[in-house]
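Colleague: I would like to learn how to read a structure. Could you go through a few features with me?

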Amino acid sequence: MAEGVTGVPPVGVAIVDDHPVVIDGVRAWLATEPRLRVLATGDDPDEVLRAAPEADVVLLDLRLHGRMVLDRLAELSAAGRRVVVYSEHTEPATMLAALDAGAAAFLAKHEGREHCVATVLAAAQDRPYVPPALAGAMVGDPRPDRPALSDKEREALLLWFQSMSKASVARRMRISEHTVKQYVDRARIKYTRAGRPARTKAALLARAIEDGLVRPEDIGIYRSHAAADRPTP
């Protein structure tokens with residue numbers, strides 16, 4: 001892939017939606033950001049990804065041809081794809097189910113170009129970015145099964161969510177990177193034992209916000225320049 005204006009290859013995006021007008025609109029939005037390039041579009045995930053196997057992010061409509069495709073979302077995520085769900089179905093239970101299935105983020109179709117571009121860029125860089133509709137679903141989740149995280153586990157998660165790499169978190173906390181990974185893994189294990197698995201960074205962030213362990217303002221969810229942040233592993 002050719003390098004973009006920043007000297008690095010642009011993020012390749014595949015769009016899967018069964019409404020041509022939506023595809024045209026999203027393509028126009030993404031075209032305003034030189035760090036993004038749409039590689040393929042269509043209404044079938046398999047066909048689209050055969051046309052663009054190198055796509056960094058898949059923007060997936062959650063309802064295709066009259067059927068909810070949470071199962072396809074889970075398959076794509078399990079195969080290592082970064083999937084951003086793009087849907088008009090914004091019931092909190094649906095949005096959280098998409099994160100549980102492995103989505104990197106959930107973008108409501110009524111949310112504008114800025115959130116669309118920022119969400120796709122963040123997903124490509126494995127950074128947390130939560131548009132307003134998803135933030136509302138997270139904060140309003142009534143599920144009571146809250147695991148008890150230690151102060152160090154909470155601190156490690158907060159710093160990691162603030163777009164820091166695990167190496168940066170280790171330096172800030174003056175511990176080893178291995179210990180940071182242990183803290184994150186312990187948090188995941190505790191949520192799994194509570195019946196609320198968090199396989200992805202987005203899902204783990206959702207859990208932390210749901211339970212009041214992290215406040216949205218602590219990670220700058222609504223920063224207007226979030227898309228310009230550095231990538232973090």
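Modeller: We will take helix 10, then a core, a pocket and some loop residues. Keep in mind that this is a predicted model.

Colleague: How do I read burial, and how many residues of helix 10 are buried?

Modeller: A residue is called buried when its relative accessible area is under 20%. In helix 10, 10 of the 10 residues are buried, so this helix is largely enclosed by the rest of the structure. The buried residues include Lys201, Arg207 and Glu210, as well as Leu204, Leu205 and Ile209.

Colleague: Take Arg207, then. Where is it found, and what is its relative accessible area?

Modeller: Arg207 is part of helix 10, which covers residues 201-210. Its relative accessible area is 1%. Because the cut-off for buried is under 20%, Arg207 counts as buried.

Colleague: Which backbone oxygen lies 3.3 Å from a polar atom of the side chain of Arg207?

Modeller: That oxygen belongs to Arg196.

Colleague: What comes just after helix 10?

Modeller: Gly212 does, and it has a positive phi of about 75°.

Colleague: Now the core. How many residues does the largest nonpolar core have, and which helix gives the most to it?

Modeller: The largest nonpolar core has 50 residues. Leu60, Leu73, Leu157, Phe161 and Leu204 have the most contacts inside it. Helix 10 gives the most to this core, with 7 residues. Both domain 1 (11-138) and domain 2 (151-218) give residues to the core, so it lies between them. Another core, of 20 residues, lies apart from it; Val11, Ile23, Leu59 and Val84 are among its residues.

Colleague: Next, empty space. How is a pocket found, and what is the volume of the largest one?

Modeller: Rolling a probe the size of a water molecule over the atoms shows where empty space is left. Here the largest pocket has a volume of about 400 Å³. Its lining is made up of 22 residues, and those nearest its centre are Arg82, Ala104, Asp126, Thr200 and Lys201. Strand 6 (82-87), helix 5 (113-124) and helix 10 are the elements that give two or more residues to the lining.

Colleague: Which classes of residue are in that lining, and which domains does the lining draw on?

Modeller: By class, there are 9 nonpolar, 5 polar and 8 charged residues in the lining. At least three residues come from each of domain 1 (11-138) and domain 2 (151-218).

Colleague: Now the loops. Is Tyr129 buried or exposed?

Modeller: Tyr129 sits in the loop between helix 5 and helix 6 (132-139). With a relative accessible area of 6%, Tyr129 is buried. Distance along the chain and distance in space are two separate readings. Tyr129 and Phe106 are 23 residues apart in sequence, and their C-alpha atoms are 9.4 Å apart in space.

Colleague: What about His65: what is its phi, and is it buried or exposed?

Modeller: The phi of His65 is near 55°, which is a positive value in a residue other than glycine. His65 lies in the loop between strand 4 (63-64) and strand 5 (67-68). The cut-off for exposed is over 50%; His65 has a relative accessible area of 57%, so it is exposed.

Colleague: Where is Arg174 found, and how should I read it?

Modeller: Arg174 is in the loop between helix 8 (166-173) and helix 9 (177-193). Arg174 is not a glycine, yet it has a positive phi of about 60°. With a relative accessible area of 79%, Arg174 is exposed.

Methods. Residues numbered from 1 in each chain as written. Predicted model: local features only at pLDDT ≥ 70, side-chain atom pairs only at ≥ 80, totals over all residues. Heavy atoms only, no water. Helix = DSSP H or I, 4+ residues; strand = E, 2+ residues; numbered from the N terminus. Buried < 20%, exposed > 50% of the residue type's maximum accessible area, 1.4 Å probe, protein only. Polar contact = N/O pair within 3.5 Å; in protein donor to acceptor, adjacent residues only side chain to side chain. 1 Å grid on protein atoms, 1.4 Å probe; cavity = no way out; pocket = protein on both sides within 12 Å on 5 of 7 lines; lining within 4 Å. Points joined across faces, edges and corners; volume = space filled by probe spheres on them. Nonpolar A, V, L, I, M, F, W, Y, C, P; charged D, E, K, R; others polar. Domains from an automatic or database assignment. Core = buried A, V, L, I, M, F, W, Y, C linked by side-chain atoms within 4.5 Å.
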